[in-house]
Amino acid sequence: MKLKITTLTFLLVITLFSCNQGSQFSDFKYADKPATITCEGVNLKLLNEARYSFEDDIAKHYNKGNGTPRLDQAYSQIIRNSIYGRLKIEDIASKHTVAVFEALKKEEDLWDANNTKSHLNYKSKVLNCISSSIKDASLKTTLNALISTNSMAPKLFGPAIVNKSRNALSDKNLAMYITLDLFYAKMFDIDFSKVNLEKPEKKVDFNAVQPVADPHAGHNH
């Protein structure tokens, strides 16, 4: 009996310790939003929060208070600024997004400390899921080719999505790639203790964010 009690106590301690090592994030603001991606074995709830918080930030930042936020334009701006070294995350990231980032950092499979091109782990479960699910055939082929040859880098894949930034509005896997590699991965290089995160809270109504209709739609080129 004593042995059983000791074993049970040991297992309980291990269980509690394991739970304490996981993400303690609980401030979910976008839990009611549609799921971002469908992948097994990853923290979908946190990834979902990361994408919506990112989109909220860029829509507000690039809108500058001029009418209805244009998420398509925000994606275009963030992609170009990120891959061409003009991104100023300190001016964009909200306090909530930084809190989400702190939780994301605990997702060990998601990051690669030895990756000199990006802190993102291109062999992770999330990237494996994204690379097999992107809708655009050419983007999927390019991404998988870069990953399989260990050549993947934002500066190499970025130009391929510059002119397809609008795809992020309908392809949530592409949107998640942009969210992680072109934004959150770059947050590792910033000391947020020196950044003023007290930006005015003006949450974007995603129902009001509408992209402009594609003028080329319905035409053959």
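**A walk through an all-helical predicted model**

The crossing of helix 3 and helix 10 is left-handed, and this pairing offers a convenient way into the structure, which is a predicted model. The residues that make the contact are Tyr75, Ile78 and Ile79 on the side of helix 3, and Ala175, Ile178 and Thr179 on the side of helix 10. Helix 3 covers residues 71-83 and helix 10 covers residues 172-181, and their axes come within 11 Å of each other while crossing at roughly 45 degrees. Helix 3 is therefore oblique to helix 10, since an angle counts as roughly parallel only when it is under 35 degrees and as roughly perpendicular from 65 to 115 degrees.

From this pair one can step back to the whole protein, which has ten helices and zero strands, so that the pattern read along the sequence is α-α-α-α-α-α-α-α-α-α. Of its 221 residues, 43% count as buried, and the protein exposes about 12,700 Å², of which carbon and sulfur atoms supply 53%. When contacts between residues at least 6 apart in sequence are considered, 70% of them join residues that are at least 24 apart.

The loops deserve attention as well, and two residues serve as examples. Thr36 is found in the loop that runs between helix 1 (2-21) and helix 2 (44-63). Is this residue, Thr36, buried or exposed? Its relative accessible area is 7%, and Thr36 is therefore classed as buried, the cut-off for that class being under 20%. Leaving aside residues up to four places away in sequence, Thr36 touches Asn48, Arg51, Tyr52, Lys172 and Met176. Two of these neighbours also meet Thr36 through polar contacts between side chains: the one with Asn48 is at 2.5 Å, and the one with Arg51 is at 3.3 Å. Lys172 and Met176, which Thr36 touches, fall within the span given for helix 10, residues 172-181, and so lead the reader back to the helix with which this account began.

The second example, Asn150, is placed in the loop between helix 7 (137-148) and helix 8 (154-162). With a relative accessibility of 58%, Asn150 counts as exposed, because that class begins over 50%. The backbone of Asn150 also merits a look, as its phi is near 55 degrees, a positive value in a residue other than glycine. Most residues other than glycine have a negative phi.

Notes. Residues numbered from 1 in each chain as written. Predicted model: local features only at pLDDT ≥ 70, side-chain atom pairs only at ≥ 80, totals over all residues. Heavy atoms only, no water. Helix = DSSP H or I, 4+ residues; strand = E, 2+ residues; numbered from the N terminus. Buried < 20%, exposed > 50% of the residue type's maximum accessible area, 1.4 Å probe, protein only. Polar contact = N/O pair within 3.5 Å; in protein donor to acceptor, adjacent residues only side chain to side chain. Contact = heavy atoms within 4.5 Å. Areas by Shrake-Rupley, 256 points an atom, 1.4 Å probe, with all protein chains shown as cover. Axes fitted to C-alpha atoms, helices over the stretch in contact; angles between N-to-C directions. Parallel < 35°, antiparallel > 145°, perpendicular 65-115°, else oblique. Left-handed = near helix turned anticlockwise from the far one by under 90°.
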